[in-house]
Amino acid sequence: MEKFVVKGGRRLSGEVTISGAKNAAVAILPAVILSDEPCIVENVPSISDVNISLRILKEMGAEVTMLGKDAYRIDPTRIDKYCVPYETARKMRASYYFLGALLGKFNKARVSMPGGCPLGDRPIDQHLKAFSVLGADYTLSQGMIDLTADRLHGNQIFFDVVSVGATMNAMLAAVKAEGLTIIENAAKEPHIVDLANFLNSMGANIMGAGTDVIKIRGVERLHGTNYAVIPDQIEAGTFMIAAAATKGDVLIKNVIPKHLESITKKLEKIGVNIEQFDDSIRVWVDGPLVKTSVKTTPHPGFPTDMQPQIATLLTLAEGTSIVTEGVWEQRFRYVDELRRMGADISVDGKVAVIEGTGRLMGAPVKACDLRAGAALIIAGLAASGITEIEDIFHIERGYDCMEGKLRSLGADIEKVNFPDSTSDSGNDGKKEAV
Ligand code: UD1
């Protein structure tokens with residue numbers, strides 16, 4: 001097993017380049033299935049969720065060729081399976097995008113229920129509603145979701161909740177459906193727009209992505225394309241906070257500053273200096289950090305996937321801050337770990353009250369999910385002493401070589417092997433939050 005060992009107290013400085021967006025890549029890779037020709041996808045991050053998506057494509061019969069560190073040629077023309085096996089799919093929540101892509105292409109799909117308790121905390125009822133409105137029948141049995149349709153037809157889909165995954169899945173299923181599909185109460189995240197741009201570059205006709213009404217006129221066929229995934233908004237935000245937490249001075253390159261607006265505004269309120277350029281952003285701190293309140297909401301609000309990181313920063317700020325989680329029920333599980341590092345945080349339901357102590361102390365901790373893991377790294381960088389972070393497979397699902405990038409900024413962070421003391425060492429059964 002591997003863990004990160006972070007020796008805190010070093011100020012980050014220098015330049016770092018952000019990788020392609022995880023949440024766009026995990027939808028765009030399955031979307032290649034819809035094409036009748038090979039596609040080239042660039043700026044794909046090297047993370048384990050991408051590796052799983054590529055493995056699923058290969059298992060279904062696609063030919064995947066690596067063209068460089070972050071580019072792949074994917075030929076979907078020989079795909080002859082419509083089933084994503086349980087063992088592979090359950091490792092990644094986003095395997096649900098294979099449902100929309102396979103249904104859109106072949107009018108049938110069989111995919112394992114995504115990990116965790118699927119109709120409990122992370123339901124997919126809105127995804128299924130969209131498929132059904134477009135003309136598909138679904139059955140759930142033995143942990144598998146089966147979708148079939150004689151033909152898919154355009155229709156009006158109204159989502160009861162704003163869901164990133166359901167919006168993207170509806171787009172994937174509707175893009176070749178006959179007639180006009182109108183998605184109302186759609187999610188507006190940058191990765192929704194990226195998926196629409198990718199599909200449009202293959203000949204789809206999608207309008208309004210990035211607003212809450214998306215219109216899709218079905219087309220008969222989609223052709224090959226050469227497309228670069230957008231930069232990762234959350235990775236960029238994580239490095240912004242790592243720079244701030246260490247009172248550093250970092251130029252973060254390959255970003256779309258517009259996507260970072262809600263994060264930028266909040267950091268400025270906390271006392272962080274930010275200068276925006278066309279495709280980079282400089283973050284530095286030369287004064288005290290001060291309290292604020294943060295509430296996570298769907299885009300363009302403050303992203304839930306930045307909540308653990310900003311809460312960590314607020315433990316270092318002066319005064320009492322309030323963080324309210326507006327998307328997920330259980331997103332404060334990392335708080336116990338931060339408390340081990342000296343943070344003073346109390347949680348009541350969806351609200352955390354953070355008494356800024358201005359300092360953290362190194363401790364052995366465990367990442368309970370991807371963004372919680374990133375937050376613990378930030379805490380370790382800012383803390384005095386040594387922080388050891390276990391269960392780093394969560395972090396590697398979504399961050400492309402985080403420790404290497406941090407080291408290039410002057411951080412003292414190493415990935416080390418350590419013997420597994422439990423008999424059940426695999427991570428397959430562990431639940432991923434995001
Ligand atoms: C995606 C992101 C995740 C991020 C989240 C919110 C990916 C792979 N993951 O997750 O990192 O935290 O968006 O920005 O892109 N809901 C329902 N029914 C559904 C679907 C969702 O009730 O069918 C609820 C959820 O319980 C949650 C809310 O809607 O409370 C938002 O979830 P959703 O936007 O769907 O998140 P994901 O797409 O799973």
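**Entry 1: a helix over a sheet**

I began with helix α4 (residues 97-106), which lies across β6, β7 and β9 (144-148) and runs at about 165 degrees to β7. I note at the outset that I am working on a predicted model.

I then looked up the sheet to which these strands belong, and found four strands forming an open sheet in the order β6-β7-β9-β8, with mixed pairing. Because β6 (83-84) and β8 (137-141) stand at the edges with a single partner strand each, one side of each has no neighbour in the sheet. For the contact between β6 and β7 (residues 108-112), I noted two bridges, with the two strands running parallel; C83 has R110 in β7 as its bridge partner.

**Entry 2: aromatic pairs**

My search for aromatic pairs gave four in the structure. The one I followed up joins Y96 and Y97, whose ring centres are 4.9 Å apart and whose planes stand at 90 degrees, so I recorded the pair as edge-to-face. I also checked whether these rings are covered: Y96 is buried, its relative accessible area being 9%, and Y97 is buried too, at 3%.

**Entry 3: charges over rings**

Next I looked for charged ends lying over aromatic faces. I found the charged end of K3 over the ring of F418, 4.9 Å from the ring centre, and I found R282 over the face of W284, at 3.8 Å from the centre of that ring. I kept R282 in mind for the next entry, where it returns as a salt-bridge partner of D249.

**Entry 4: salt bridges**

Over the whole structure I count 22 salt bridges, and I went through several of them with their accessibilities.

In the bridge between K69 and D400, the closest N and O atoms are 3.8 Å apart. Since K69 sits in the loop between β4 (63-68) and β5 (71-75), while D400 sits in the loop between α13 (393-396) and α14 (402-408), the pair ties together parts that are 331 residues apart in sequence. K69 is exposed, with a relative accessible area of 58%, whereas D400 is buried, at 7%.

For D249 and R282, I noted a salt bridge with the closest N and O atoms 2.9 Å apart. D249 belongs to strand β15 (residues 249-253) and R282 to strand β17 (residues 280-284), so this pair ties together parts that are 33 residues apart in sequence. I classed D249 as partly exposed at 23% relative accessibility, and R282 likewise as partly exposed at 26%.

The third bridge I examined joins E261 to K258, with 3.4 Å between the closest N and O atoms. Here E261 is partly exposed, with a relative accessible area of 32%, and K258 counts as exposed at 56%. I also recorded that D36, E37, K105 and R221 are joined into one network by salt bridges that share partners.

**Entry 5: the surroundings of V250**

Staying with strand β15, I turned to V250, which is found there. V250 is buried, with a relative accessible area of 1%. I asked which residues are in contact with V250 once its neighbours within four places in sequence are left aside. The list I obtained is L12, S13, G14, V16, A243, I281, R282, V283 and L409. R282, one of these contacts, is the residue I had already noted over the face of W284. I looked further at L409, which is 159 residues from V250 in sequence, although the two C-alpha atoms are 7.8 Å apart in space.

**Entry 6: strand β23 and its partners**

Lastly I examined strand β23 (residues 386-390), asking which of its residues form the covered face and which the uncovered one. T387 and I389 make up the covered face, while I386, E388 and E390 make up the uncovered face.

I then looked up the strands that pair with β23. Strand β1 (residues 2-7) pairs with β23 in the antiparallel sense over four bridges, and within this pairing I located V5 opposite E388. Strand β22 (residues 364-366) pairs with β23 in the parallel sense over three bridges; there V365 has I389 as its bridge partner. I set these two partners beside the faces noted above: E388, opposite V5, is on the uncovered face of β23, and I389, the partner of V365, is on the covered face.

How values were computed:
Residues are numbered from 1 along each chain as its sequence is written. This is a predicted model: local features need pLDDT of at least 70, side-chain atom pairs count only at pLDDT 80 or more; totals for chains, interfaces and linings use all residues. Side-chain values use heavy atoms; hydrogens and water are left out. Two strands pair if DSSP finds at least two bridges between them. Contact means heavy atoms within 4.5 Å. Axes are lines fitted to C-alpha atoms, for helices over the stretch in contact, and angles run from 0 to 180 degrees between N-to-C directions. Rings of Phe, Tyr and Trp (its six-membered ring) pair if their centres lie within 6.5 Å; planes under 30 degrees apart count as stacked, over 60 as edge-to-face and the rest as tilted. Buried means under 20% relative accessible area, exposed over 50%, partly exposed in between (1.4 Å probe, protein chains only). A charge sits over a ring if NZ of Lys or CZ of Arg is within 6 Å of the ring centre and within 35 degrees of the ring normal. A salt bridge is a side-chain nitrogen of Lys or Arg within 4 Å of a carboxyl oxygen of Asp or Glu.
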